[in-house]
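Here is a short tour to read alongside the structure viewer. Take a look at the chain and its ligand, then read on.

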Amino acid sequence: MRKPRDLLSAGSAPSASPRPVTPRVSARSMYTLHRLLEPAQGYRRFASWLEARPRLRAAFTSAEKGVKHQLFGCRMCGQCALPVTGYACPMTCPKQLRNGPCGGVGADGSCEVYPAMRCVWVIAVERAGGEGRTGDLLLLQRPIDHGRWDQSSWLNYWQGRDEHLWTANDGLVVPAQLHVADGQAGT
Ligand code: SF4
């Protein structure tokens, strides 16, 4: 079992405070690209080959960081949620919320922490909705492994390490008292 120190050395969250970022590419183009990059044997082999070569792996990860930071404000959490958030990065939310916005979103869609900026989850709803993917936003995002910061999410994706990042079924039983009968809400 890895000790806390091992986990910290495996990756560390960036020190810069997250700020909402509006992606620089359309969601449609990214959905199309994503279909071309879905895990396949060739990608898996390439990922394994790269991971056996630390220098190449570092160069690949650095290239990913450069590209994704420019396009999405990526902070290299290593477990990418973009495919189900309209390609708006939830880690640029100042509160780093991966399951929708907080209660502080302004009526005009502004961020509570940085009012001059749009809430990244408002951006996600607009982008996913524009492509008929609103249902993606109902998926439950599981907590990430903080030991994977600074890793390549592309390699993790091809290697199947983030297959359980989100789920349509959280397995929770809704308590009976939360079942509000029609017409009783607000009473
Ligand atoms: S890897 Fe993490 S920080 Fe980077 S774009 Fe994806 S969700 Fe955002």
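## Around the ligand

How many nonpolar, polar and charged residues does the shell around the ligand have? In this predicted model, the shell holds ten nonpolar residues, one polar residue and two charged ones. There are 13 residues around the ligand, and those that come nearest are Cys74, Cys77, Cys80, Cys89 and Met91.

## The overall fold

The chain contains six helices and two strands. Following the sequence, you will meet them in the pattern α-α-α-α-α-β-α-β.

Of the 187 residues in the chain, 24% are buried. Among contacts with a separation of 6 or more, 71% join residues that are 24 or more positions apart.

## Helix H4

Helix H4 covers residues 54-72, which is 19 residues. At 1.5 Å a residue it should span 27 Å, and its end C-alpha atoms are 26 Å apart, so the two values agree. Just one of the 19 residues of H4 is buried, so this helix lies largely in the open. Right after H4 comes glycine 73, with a positive phi of about 75°.

## The loop between H4 and H5

Helix H5 spans 120-130, and methionine 76 sits in the loop between H4 and H5. Its phi is near 60°, a positive value in a residue other than glycine. Methionine 76 counts as buried because it has 22 C-beta neighbours inside 10 Å, where the cut-off is 20 or more.

Tyrosine 87 is also placed in the loop between H4 and H5. Phi of tyrosine 87 is near 60°, again positive in a residue other than glycine. With 27 other C-beta atoms within 10 Å, tyrosine 87 is buried.

Conventions: Residues numbered from 1 in each chain as written. Predicted model: local features only at pLDDT ≥ 70, side-chain atom pairs only at ≥ 80, totals over all residues. Near = placed C-beta within 6 Å. Nonpolar A, V, L, I, M, F, W, Y, C, P; charged D, E, K, R; others polar. Helix = DSSP H or I, 4+ residues; strand = E, 2+ residues; numbered from the N terminus. Buried ≥ 20, exposed ≤ 12 C-beta atoms within 10 Å, placed from the backbone. Contact = placed C-beta atoms within 7 Å. Expected span 1.5 Å × (residues − 1).
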